[in-house]
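Colleague: I am new to this structure and would like a close look at a single part of it, one helix, and then at what surrounds it. Please go slowly and connect the pieces as you go.

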Amino acid sequence: MASYSTNEFKSGLKVMLEGDPCSIVENEFVKPGKGQAFNRVKLKNLKTGRVWERTFKSGESLEGADVMDYDMEYLYTDGEYWHFMKTDGSYEQLAADQAAVEDCINWLKETEKFTVTLWNDVPISVTPPNFVELEVVETDPGLKGDTAQGGSKPATLSTGAVVKVPLFINIGEVVRVDTRTSEYQNRVKQ
Amino acid sequence: MTPLLRDYGSNEVHLDSLKLDQGYLQTSPEYAMKCLLAETGQSIYQLCSAFRAGEVGSRHRVEFQMLEWYRVDYSLSELVRDLETLISEIVYTLAKDFTVSAVDRHFMSASYAALFREHYDMCPHASSDDQLKALACDFAHLDAFSRRADVLDALFAEAVEPQLTKATIVTDFPACQAALAETRIDEEGNEVAHRFEFYLGGMEIANAYQELTDADELRRRFEENNKLRREMGKEEVTNDAELLSAMTTLPGCAGIALGVDRLLMALLGETDITLT
């Protein structure tokens, strides 16, 4: 893998830091007058999602990380691994472990398309689509006619996610949810 | 106007001149202006482009505009008054056509040591190299720096600089950052560089020296820089013979260089230097 010098750092570049693959979020060139230049860099650890702030001497370099994003369809879980299939026509299947699916485990709906991030061909994280449509499997009974008022109640969806929904939503109905905020968007007519 | 292309590049350890077949594009008009000043003995000013290889960022451009002036028999406090007058004139003129940030008529002033102590509770002059390095590791992962001047610069840039949003004069820099300024002994007995920097909007805008006029001392500093350049694996810079010989007739003077693009950034509230 190639290595990249600080002057090649730009947002989105994938590099290795402390053994983990990271994506560069921000790179600021700092040079005090006649002093030594350095770069203030924000990197997102692609395994943990945490953002690191690091200072590098200008001209230092980091090894590139072999990181690729693929669109993949979620198939099923065998309890230990979660299986996905590429949608590029190859039908290639890959198994992601618990750590990779942790952040989106409550959105994993079969046949739905996800973005799977591979590092050295192994899945390290799975990103759900921004919006998913899921069936309500558990919630308090709906209140007739109460469609305009505020008020909300928790509802458990088919994938296990719990979101706040309006009072008029009933078990068996399908709702559209923003996966980034876990917020209810609207009811989907079947 | 002094030449922008000369036979000699900057000797500064961390400044790299753009090198052409015919010579070096100047990183600032300082060397050439001092030669002229030594020849004429007159106060001079100049607005010109300056070039610094490899400096690209939101506050850096390879080519930028510098306003530089030298006053014979002038003190740094007189130079501060020049600057205050100039900035208020510029604000007044710009305000006719643009929305300009307000700048106090009289600038605040603080010593480098006072500002440094406020943030790090340590004296930048009296503390040892190791103490400063430990501080750099603790505060900002700045462990990549080895030279005292670089550690200090990085610490100052990390915590102090962003706070200097109002027009502020920072005086008495560490002696290891004297560049071409004289040094003096401050009230606490520490050797400090007799120079100031002007900050606005959390950025260094201008840099002023009570100019060094001692040729031997200049030669010593040139050689020290070349030694550091060698250690860093950088190309050595030929001693600027014209400047060295000019030093013998350079009158006592104070000089200042102001980054015009950055001043406009600060006054117009831009965050990217390419927009000015």
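**A helix and its surroundings**

Modeller: At the start of H6(B), a side-chain oxygen of Asp214(B) comes to within 2.9 Å of the backbone nitrogen of Asp216(B). Please keep in mind throughout that this is a predicted model. The helix that begins there, H6 of chain B, covers residues 215–231, and for its 17 residues a rise of 1.5 Å a residue gives an expected span of 24 Å, which agrees with the 24 Å that separates its end C-alpha atoms. Beyond the other end of H6(B) comes Gly233(B), which has a positive phi, near 75°.

Which residues of H6(B) are buried? They are Ala215(B), Leu218(B), Arg221(B), Phe222(B), Asn225(B), Asn226(B), Leu228(B) and Arg229(B). Viewed along the axis of H6(B), these buried residues lie within an arc of 160°, so they line one face of the helix. The general background is that an α-helix has 3.6 residues a turn, so residues three or four places apart point the same way. On the face of H6(B) that is turned away from the buried side, the exposed residues are Asp216(B) and Glu231(B). Asp216(B) thus appears twice in this account, as an exposed residue of that face and as the residue whose backbone nitrogen is approached by the side chain of Asp214(B). What the buried residues of H6(B) pack against, in turn, is helix H1 (30–40), strand S8 (183–185) and helix H7 (241–246), which belong to chain B.

Two other helices of chain B can be read in a similar way. Helix H5 (residues 148–160) has 13 residues and reaches 17 Å from its first C-alpha to its last, close to the 18 Å expected at 1.5 Å a residue. H5(B) is mostly covered, with 10 of its 13 residues buried, and among them are Asp150(B), Val151(B) and Ala154(B). These three residues are also touched by Phe145(B), which sits in the loop between helix H4 (129–140) and H5 of chain B. Phe145(B) has a relative accessibility of 4% and therefore counts as buried. Lys133(B), another residue that Phe145(B) touches, is 12 residues away from Phe145(B) in sequence, while their C-alpha atoms are 7.9 Å apart in space.

Helix H8 of chain B (residues 260–268) has as its buried residues Asp261(B), Arg262(B), Leu263(B), Met265(B), Ala266(B) and Leu267(B). They pack against elements of chain B that include helix H2 (76–94), strand S9 (191–200), S10 and strand S11 (253–259). After H8(B) comes Gly269(B), with a positive phi near 70°.

Strand S10 of chain B, one of the elements against which H8(B) packs, spans residues 203–210 and contains Asn207(B). The relative accessible area of Asn207(B) is 14%, so this residue is buried. Its side chain has a polar contact of 3.2 Å with the side chain of Arg195(B), and a further one, of 3.4 Å, with the side chain of Tyr209(B). Leaving aside residues up to four places away in sequence, Asn207(B) touches residues of chain B, including Phe196(B), Glu197(B) and Ile256(B), and also Lys34(A).

That last contact leads to the other chain, as does Phe145(B), which touches Gln36(A), Phe38(A) and Lys57(A). Taken as a whole, 15 residues of chain A are in contact with 24 residues of chain B, and the two chains bury about 1,700 Å² between them, 54% of it on carbon and sulfur atoms. Of the area that chain A buries against chain B, 39% is supplied by Phe29(A), Lys34(A) and Gln36(A), more than by any other three residues. Two of these have already been named here, since Lys34(A) is touched by Asn207(B) and Gln36(A) by Phe145(B).

Within chain A, strands S10 (residues 113–119) and S11 (residues 122–127) run antiparallel and are joined by five bridges, with Ser125(A) in S11(A) as the bridge partner of Thr117(A). Two residues lie between these strands in their hairpin, where Asn120(A) takes a positive phi near 50°. Strand S12 (residues 131–139) of chain A pairs in the antiparallel sense with strand S15 (residues 174–178) over five bridges and with strand S13 (residues 152–157) over three.

Note on methods: Residues numbered from 1 in each chain as written. Chains lettered and ligands numbered in written order. Predicted model: local features only at pLDDT ≥ 70, side-chain atom pairs only at ≥ 80, totals over all residues. Heavy atoms only, no water. Helix = DSSP H or I, 4+ residues; strand = E, 2+ residues; numbered from the N terminus. Expected span 1.5 Å × (residues − 1). Buried < 20%, exposed > 50% of the residue type's maximum accessible area, 1.4 Å probe, protein only. Arc of directions from axis to C-beta. Contact = heavy atoms within 4.5 Å. Polar contact = N/O pair within 3.5 Å; in protein donor to acceptor, adjacent residues only side chain to side chain. Pairing = 2+ DSSP bridges. Buried area = accessible area lost by both parts, 1.4 Å probe.
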